[in-house]
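Let's take a look at how a protein meets the DNA in this model. Here it is.

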Amino acid sequence: MQTIQHINIDDTLNSGQVFLWERNGRFWYGIDGQKIIRVGQNPFEVSSSSPADNYFREDDDYDSIKKELSRDRTVRNAIQAFPSLRLIRQDPFQCLVTFIVSSNSNILRIRNNLGKLCRRFGKKVQFDGKSFCLFPEPKQVAETPVKDLLDCGMGYRAKHVKAAAEAVSSGALELDKLKELDYHSAKDQLIQIAGVGNKVADCILLFSLEKTDAFPIDTWMLKVLRKYYSKQFEISSKTITEKQYDVLHQRLVSYFGEYCGYAQQFLFKMERDINQKKWF
DNA sequence: TACTAACCTGTACG
DNA sequence: ACGTACAGGTTAG
């Protein structure tokens, strides 16, 4: 006998994947593209303003993924600490904007930037007796002057956000089609967008485009790799070059397997919590 | 090809 | 309080 869903909402929503969630009493409410999602923990339940299919990747064989990843001692410890931490399946456009905005920023600021963007340009809706602002659609952002995006506090990222929205809105970048491609083909297209480099692309691929073999390598992952994996993945420099990133990713995939993105999420959550970093 | 500094600006820390 | 450094990186040179 086992519980219906192995999903710890607090851990999952506070692991750096999503930024537009808020707790209200027994429930958490979040913005995902053109819908509002509500989740409660005991008992676990999800409802939404329009169908949100498998937002928490309920369709993954979670137990067998964890079992496979547990071959590694460090990931096994992280899984033990956060046994119901899930990867989230996000709206691709929101995810694209989110991680462009995230570059060289911090979590609280990212949250504030995105919140302002929604309040200023997103459609206002009612759900569960409360009012919310949806994430603005690509066309809406594409038509917004950079000046107004700057008011959201995005700084130099504002022009990248607008350009990305233009690419999506014009059809030059078809996000949904990237889901059908393999990791490298999809990544090649994402990298074309200004403001999207290796790390940001990997976040978008992992969190919204079905690429569980993506492994975003940020400063925290470098810290983790140095601390626990100095033997397997030696990292000498303070930062890594594009080439080193690619080589490292390849080795991470062959070490952790096709679900290495999950390993990244467990490790990231563990290390941030150890360092008592605030999520919101 | 590899390495550096500059980049907007809100928070965090002293 | 008030200044200074840093932040889930990317890019131009």
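Which residues are around DNA strand B?

## Ground rules

This is a predicted model, where local features need pLDDT of at least 70, side-chain atom pairs count only at pLDDT 80 or more, and totals for chains, interfaces and linings use all residues. Residues are numbered from 1 along each chain as its sequence is written, chains are lettered from A and ligands numbered from 1 in the order written, and side-chain values use heavy atoms, with hydrogens and water left out.

## Around strand B

The residues around DNA strand B are N104, N106, L108, R109, N112, G155, Y156, R157, T241 and K243 (near here means that a heavy atom of the residue lies within 4 Å). By class they split into 2 nonpolar, 5 polar and 3 charged; Ala, Val, Leu, Ile, Met, Phe, Trp, Tyr, Cys and Pro count as nonpolar, Asp, Glu, Lys and Arg as charged, and the others, Gly among them, as polar.

Two arginines go for the bases: a side-chain N or O atom of R109 is 2.5 Å from a base oxygen of DNA strand B, and a polar side-chain atom of R157 lies 2.8 Å from a base oxygen of that strand.

## Around strand C

DNA strand C is surrounded by 23 residues, the closest being G16, S105, G195, G197 and Q264. Of its atoms within 4 Å of the protein, 55% belong to sugar and phosphate.

The backbone of G197 puts an N or O atom 2.8 Å from a phosphate oxygen of DNA strand C, while a polar side-chain atom of Q264 lies 2.5 Å from a base nitrogen.

How values were computed. Polar contact = N/O pair within 3.5 Å; in protein donor to acceptor, adjacent residues only side chain to side chain.
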